[in-house]
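Student: I have a model in front of me and some questions about how its parts fit together. Can we go through them one by one?

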Amino acid sequence: MNQIAIICVDDDASILDSLEIELHKIVKSETDLTTFEQLSNLTHDEYLIEMVDNGEECLELCQELLANGDEIALVISDCIMPQMRGDELLKQVHTLSPNTLTIMLTGQAEFEALGNAIRYAKLYRYISKPWEFEDFKLTVTEALHSYHQEQKLIAFYANLEEKIAQRTQELQQKNTALLKLDQERKEFLAIAAHDLKNPLSAIQGLADLIIGDYDTLAKSEVTEMVNMILISSKQMFEIVNNLLEVNLIESENMKVSLQELDILPILQVLVNRYVVPAQAKNITLNFKPKPESYYTLADVYLIQRVFDNLLSNAVKYSPFDKTIYIRLTQLANTVRCEIQDEGPGLSEADQNKLFGKFSRLTPAPTGQENSTGLGLFIVKKLVEAMKGKVWCESQLGKGSSFIVEFIGNSETRA
Ligand SMILES: Nc1ncnc2c1ncn2[C@@H]1O[C@H](COP(=O)(O)OP(=O)(O)OP(=O)(O)O)[C@@H](O)[C@H]1O
Ligand SMILES: [Mg+2]
């Protein structure tokens, strides 16, 4: 720990001796010790009492102490000395260490020096020679008291400033984040409104047609229009669902409950669900997993949403008459699921935009399916929420593979 110095300067050795004795007495005295300790949390050992007999030496000592990281609480100096006078010395001490308190020992008629010291050296008190010990003690004790209080205030303000700077920075960061969020919300709303407008105007147009021409329309025509209304409303429903899901993910209120589960039956159910849409395009779903358990830690609802999105894409972007391969592999610490298609594949530029929000890329649906560009964004967030990984391997014109890895639960398997 760094020390707190009290320096005395006098060319008279006998005065220096008595100053030294009295200062040690003051610092060590029981009653004052309590005051010092309360003020500075210091014990008397941590006070450094130094005696020097001229101004130059005092300045050198001050520089040395400051360089060492010590503090100089008090400099008590004689006024008239052969080389440097006391008022000049205290002025220079004040320049070196502005928080140091200074006390001058004066004889009679040294008013000019006192005035200088008050003006230029932040003179705390002067003591007339010869002094009474009790007076000296009171002055020194009060000086130290005052010094420690000022140090505490300085530390308090420094800490306050640091806290204010920190809070200001935090507020600025929050403000930037809020502005970004606000911008995203605006974009989100604009795209959502745009996407909802098409099916909505289709529904409105068809309903108008039915009402206007009801008497002249054939029953089959009405049925066809109602079917189209159903398709459009289903589209809107999907969009709204996706938007709500994104909103839930971004609000960070999504509940994730990881539990050990076997992926195989879950995946099988979803693959079965896509048999009919795939058949409509004469697409074969090739899923021949080894009949074993594929245990992992995952959330049963979220994992279904992940596979649903990936299978939906494979069917949606595959041309007619192709095959989609679904593979499940148990690796050392993970369970891997791969959905590979023979579709158009993705360029490198498109691959860089995959998993972004509203990223409808070059490949377009091959059977007039709906596309909001949110599915893979949702997939990535859900997989990450389950501490898994998802990525795409693809070459333009050579199909795409979407791979998901979930953390395995090998202990459960054993
Ligand atoms: N298997 C795939 N093959 C080729 N392109 C794909 C494939 N999967 C996704 N894409 C491309 O990536 C884009 C983003 O896919 P994503 O699933 O996020 O949205 P989407 O399918 O357009 O809409 P939805 O929100 O209904 O899923 C798609 O628009 C498509 O261009
Ligand atoms: Mg999709």
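Student: How many residues of domain 2 are in contact with residues of domain 3?
Tutor: Keep in mind that this model is predicted. Domain 2 spans 173-250 and domain 3 spans 259-413. On the domain 3 side, 8 residues take part. On the domain 2 side, the number in contact is 9.

Student: Which helix gives the largest share of the side of domain 2 that touches domain 3?
Tutor: Two helices, H6 (133-213) and H7 (219-250), each supply at least two residues of that side. The largest share is 7 residues. Those 7 come from H7.

Student: How far apart do the C-alpha centres of domain 2 and domain 3 lie?
Tutor: Take the bounds of the two domains, 173-250 and 259-413. The distance between their C-alpha centres is 26 Å.

Student: Is the chain as a whole compact or spread out?
Tutor: Start with the elements: 13 helices and 12 strands. The globule rule gives 22 Å for 414 residues, but the radius of gyration is 42 Å. The C-alpha atoms fill a box of roughly 125 × 60 × 40 Å along the principal axes. The radius is well over the rule's value, so compared with a compact globule the chain is more spread out.

Student: What percentage of the residues in the chain is buried?
Tutor: Buried here takes 20 or more other C-beta atoms within 10 Å of a residue's own. The chain has 414 residues to count. The buried part comes to 28%.

Student: Which strand supplies the largest share of the largest nonpolar core?
Tutor: That core has 38 residues. Ile 7, Ala 73, Leu 74, Val 75 and Leu 90 have the most contacts inside it. Ile 7 touches Val 52, Leu 61, Ile 72 and Val 75, among others. The largest share, 6 residues, belongs to residues 4-9, which form strand E1.

Student: How many residues are in the other core, the one with Phe 287?
Tutor: This core lies apart from the largest one. Leu 261, Ile 263 and Val 383 are among its members, along with Phe 287. Its count is 35 residues.

Student: Which strands stand at the edges of the sheet E2-E1-E3-E4-E5?
Tutor: The sheet is open, with parallel pairing. An edge strand has a single partner strand, so one of its sides is left without a neighbour in the sheet. That holds for 47-52 and 123-128, which are E2 and E5.

Student: What angle does helix H5 make with E4?
Tutor: H5 covers residues 111-120 and packs on this sheet. The helix touches E4 (101-106) and E5. For comparison, H1 (13-28) lies across E1, E2 and E3 and runs at about 170 degrees to E2. The angle between H5 and E4 is about 180 degrees.

Student: Which residue stands opposite Thr 329?
Tutor: Look at the sheet E7-E9-E10-E12-E11, where the pairing is mixed. Within it, E9 (323-330) and E10 (334-340) run antiparallel, joined by 6 bridges. Opposite Thr 329, in E10, stands Arg 336.

Student: Which helix lies across E9, E10 and E12?
Tutor: E12 covers residues 400-407. The helix spans residues 300-317 and runs at about 25 degrees to E10. This is H10.

Terms used:
Residues are numbered from 1 along each chain as its sequence is written. Chains are lettered from A and ligands numbered from 1 in the order in which they are written. This is a predicted model: local features need pLDDT of at least 70, side-chain atom pairs count only at pLDDT 80 or more; totals for chains, interfaces and linings use all residues. Helices (H or I, at least four residues) and strands (E, at least two) are DSSP runs, numbered from the N terminus. The radius of gyration is taken over C-alpha atoms; the globule rule is 2.2 Å times the number of residues to the power 0.38. A residue is buried if 20 or more other C-beta atoms lie within 10 Å of its own, exposed if 12 or fewer, and partly exposed in between; C-beta atoms are placed from the backbone. A nonpolar core is a set of buried Ala, Val, Leu, Ile, Met, Phe, Trp, Tyr and Cys residues joined through C-beta atoms within 7 Å. Two residues are in contact if their C-beta atoms, placed from the backbone, lie within 7 Å. Two strands pair if DSSP finds at least two bridges between them. Axes are lines fitted to C-alpha atoms, for helices over the stretch in contact, and angles run from 0 to 180 degrees between N-to-C directions. Domain bounds come from an automatic or database domain assignment. Lists of a residue's contacts leave out its neighbours within four places in sequence.
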